[in-house]
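User: I am new to this structure and would like a close look at a single part of it. Please take one buried spot in a loop and work outward from there to whatever surrounds it.

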Amino acid sequence: QVQLVESGGGLVQPGDSLRLSCAAFGYTLEYYAVAWFRQAPGKERERVLCISSSDSITDLADSVKGRFTIDRDNDKNTVYLVMKNLKAEDTAVYYCAAEPTGYGSTWCPATEDFRTWGRGARVTVSS
């Protein structure tokens, strides 16, 4: 059974950096695309970015461009969301999702096609 567990959320101040982890269990990471999503209170879910099985970064949201990136550590079976220069509007629950795409794929699935989701990690950016 495939499971994802997010960690690393918390309360930070504007301008701070934070790294979220998405640990995968029950699958080999190299065959999966992994995406990060977020949902702020009263807002629609936003696709933040995605990393393909070939480690291409796709679908970078304009709202986080230049501040967020994603990385993969296959040895630890973990994907990271690296957030810098956090702003109040980054406050949200952040979710990771994974879907197999085959080895060496450069694309990421549509949101609707991600079948495995973590439970989320809350990030609050406030002075």
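Analyst: The spot chosen here is serine 52, which touches Tyr32, Ala33, Arg72, Ser105, Thr106, Trp107 and Cys108, leaving out residues up to four places away in sequence. The model is a predicted one. Serine 52 sits in the loop between β5 and β6 (57-58). Its relative accessibility is 0%, so serine 52 counts as buried. The side chain of serine 52 also reaches the backbone oxygen of serine 105, at 3.0 Å.

Two of the residues around serine 52 lead further into the structure: Arg72 and Cys108.

Take arginine 72 to begin with. Arginine 72 belongs to strand β7. With a relative accessibility of 9%, under the 20% limit, arginine 72 counts as buried. Its side chain reaches the backbone oxygen of tyrosine 32 at 2.9 Å. A polar atom of the arginine 72 side chain also lies 3.5 Å from the backbone oxygen of isoleucine 51. Not counting neighbours within four places in sequence, arginine 72 is in contact with Leu29, Glu30, Tyr32, Ala33, Val34, Ile51, Ser52, Ser53, Asp55, Thr78 and Val79. Tyr32 and Ala33 are thus among the contacts of arginine 72, and Tyr32 and Ala33 are also touched by serine 52.

The strand that holds arginine 72 is part of a sheet. Four strands form this open sheet in the order β1-β3-β8-β7, with antiparallel pairing. β1 (3-7) and β7 stand at the edges with a single partner strand each, so one side of each has no neighbour in the sheet. From one strand to the next, the twist averages 20°. At the other end of the order from β7, β1 pairs with β3 in the antiparallel sense over five bridges. One bridge there links leucine 4 to alanine 24 in β3.

Now the other lead, Cys108. Cysteine 108 is joined to cysteine 50 by a disulfide, S to S 1.9 Å. The torsion about this S-S bond is about -90°, so the disulfide is left-handed. Cysteine 50 lies in strand β5 and cysteine 108 in the loop between β9 and β10 (116-117), so the pair ties together parts that are 58 residues apart in sequence. Both cysteine 50 and cysteine 108 are buried.

The structure holds two disulfides. The other joins cysteine 22 to cysteine 96, S to S 2.1 Å. Here the torsion is about 75°, so the disulfide is right-handed. Cysteine 22 is in strand β3 and cysteine 96 in strand β9, so this pair ties together parts that are 74 residues apart in sequence. Cysteine 22 and cysteine 96 are buried as well. With the bonded cysteines of the chain numbered in sequence order, the pairing reads 1-3, 2-4.

The nonpolar cores come next. The largest nonpolar core has 29 residues, and those with the most contacts inside it are Val34, Trp36, Phe68, Leu81, Met83 and Tyr94. The elements that give two or more residues to this core are β3 (18-25), β4 (32-39), β5 (46-51), β7 (68-73), β8 (78-83), β9 (92-100) and β11 (121-125). A second, separate core of seven residues includes Ala33, Cys50, Cys108 and Phe114. This second core connects back to the starting point, as Ala33 and Cys108 are both touched by serine 52. Arginine 72 is in contact with Ala33 of the second core and with Val34 of the largest core.

Phenylalanine 68 gives a view of the largest core. Leaving out residues up to four places away in sequence, phenylalanine 68 touches Arg38, Val48, Leu49, Leu60, Leu81, Val82, Met83, Lys84, Leu86, Asp90 and Tyr94. Among these, Leu81, Met83 and Tyr94 are also listed with the most contacts inside that core.

Two loop residues on either side of β7 in sequence complete the picture. Aspartate 59 lies in the loop between β6 and β7. Aspartate 59 has a positive phi of about 60° although it is not a glycine. Its relative accessibility is 39%, so aspartate 59 counts as partly exposed. Asparagine 77 is found in the loop between β7 and β8. Asparagine 77, also not a glycine, has a positive phi near 55°. At 16% relative accessibility, asparagine 77 counts as buried.

Terms used: Residues numbered from 1 in each chain as written. Predicted model: local features only at pLDDT ≥ 70, side-chain atom pairs only at ≥ 80, totals over all residues. Heavy atoms only, no water. Core = buried A, V, L, I, M, F, W, Y, C linked by side-chain atoms within 4.5 Å. Buried < 20%, exposed > 50% of the residue type's maximum accessible area, 1.4 Å probe, protein only. Contact = heavy atoms within 4.5 Å. Polar contact = N/O pair within 3.5 Å; in protein donor to acceptor, adjacent residues only side chain to side chain. Disulfide = S-S within 2.5 Å. Pairing = 2+ DSSP bridges. Axes fitted to C-alpha atoms, helices over the stretch in contact; angles between N-to-C directions.
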